[in-house]
Amino acid sequence: MYAQMVDTGVQRLRSTEELDGDERHFQERIDAGVRIEPEDWMPDSYRKTLVRQISQHAHSEIVGMLPEGNWITRAPSLLRKATLLAKVQDEGGHGLYLYAAAETLGVSRDDLIDALHEGKAKYSSIFNYPTLTWADIGAIGWLVDGAAIINQIPLCRCSYGPYGRAMVRVCKEESFHQRQGYDIMTVLAQGSAAQRRMAQDALNRWWWPAVMMFGPPDTESVHSAQSAAWRIKLHSNDELRQRFIDQTVPQADLLDLKIPDPDLRWNEARQSYDIGAIDWNEFHAVVRGDGPCNKERLAARRDAWDRGAWVRDAAAAHAEKTTIERKTGETR
């Protein structure tokens, strides 16, 4: 979800019997549920896949601060401002945990960020949609963070130790974010006619992008099988998407808001909801860089990075000064 269409670099999934040497031992450890740690041997393709997935996840957390950040000063009360500020701060922390996890694989955080700013690295398509009203902040918390929880809880059990451990705290905080969003939508849904219209409009605009967050259907997700074999990915795109739909539709009913899908039906045989056709052309266009806010989001990230250069320089100078003082015993 926060790592959409990650390329494993593997052309064909091989069985354990087809592997030999270190690679076979590595796969047997994963099959036995043993976690892989940074000092352990791992195939280059496993390492590169993790770097792609974890860095894309980290970029998504950082870029994800932008749609909500511009509503902090416009939130309707001091309590809402403080809550939203805390949430945006949490997202920055999530990015930090994930960049740190990626660094254990031997990559530089600066290189990862450069790749983002140069447009070479992807982040979740969902963050390229605009936040037009206060209700959008509620919809993001309810739908986007709700989808994130469904996707990220399994990642707590993924095969790579630093990634799984980072996700434990992330998931706890995402649970708070989802409740915050649903609370906003509840207040609006129980408010005036204008507030109810605002809530419904936000649901109308965010529903399908949230459904698409889990990535393309399994039939088109060509690298999922290898990620599953490595236990980087524990559930398929369609399985996670169905969980999200089955969880969210009853929540919308409680709000007395209508899911914008005329084909939505309860399937008694499957004990799940059937939905209408997803516009995958829109999804691929946004991932490709042609979404409503792709250019705006990258420009904002580059600008923030440039304006923060003096902070990084000051921190580096202080670290150097502290190191010298520790070695010499002199205060400079």
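How many disulfides does the structure hold? The answer is 0, taking a disulfide as a pair of cysteine sulfur atoms within 2.5 Å.

Hi everyone, a word on the setup. This is a predicted model, where local features need pLDDT of at least 70, side-chain atom pairs count only at pLDDT 80 or more, and totals for chains, interfaces and linings use all residues. Residues are numbered from 1 along each chain as its sequence is written, and side-chain values use heavy atoms, leaving out hydrogens and water.

Back to the cysteines. The sulfur of Cys158 has its closest cysteine sulfur in Cys156, 8.4 Å away, which is too far for a bond. Cys158 is also buried, at 1% relative accessibility; buried means under 20% relative accessible area and exposed over 50%, with partly exposed in between, using a 1.4 Å probe and protein chains only. Cys293 is buried too, at 5%.

Now to helix H12, residues 294–307 (helices are DSSP runs of H or I, at least four residues, numbered from the N terminus). Its buried residues are Asn294, Arg297, Leu298 and Arg301. Looking down the axis, these fall within an arc of 95° (taken from the directions from the helix axis to the C-beta atoms), so they line one face of H12. They pack against helices H2, H3, H5 and H11, with contact meaning heavy atoms within 4.5 Å. Turned away from that buried side are the exposed Lys295, Asp306 and Arg307.

Last, a helix pair for you. Gln178, Tyr182, Met185, Thr186 and Ala189 in H7 meet Gln251, Leu254 and Leu255 in H10. Thanks, everyone!

Methods: Helix = DSSP H or I, 4+ residues; strand = E, 2+ residues; numbered from the N terminus. Expected span 1.5 Å × (residues − 1).
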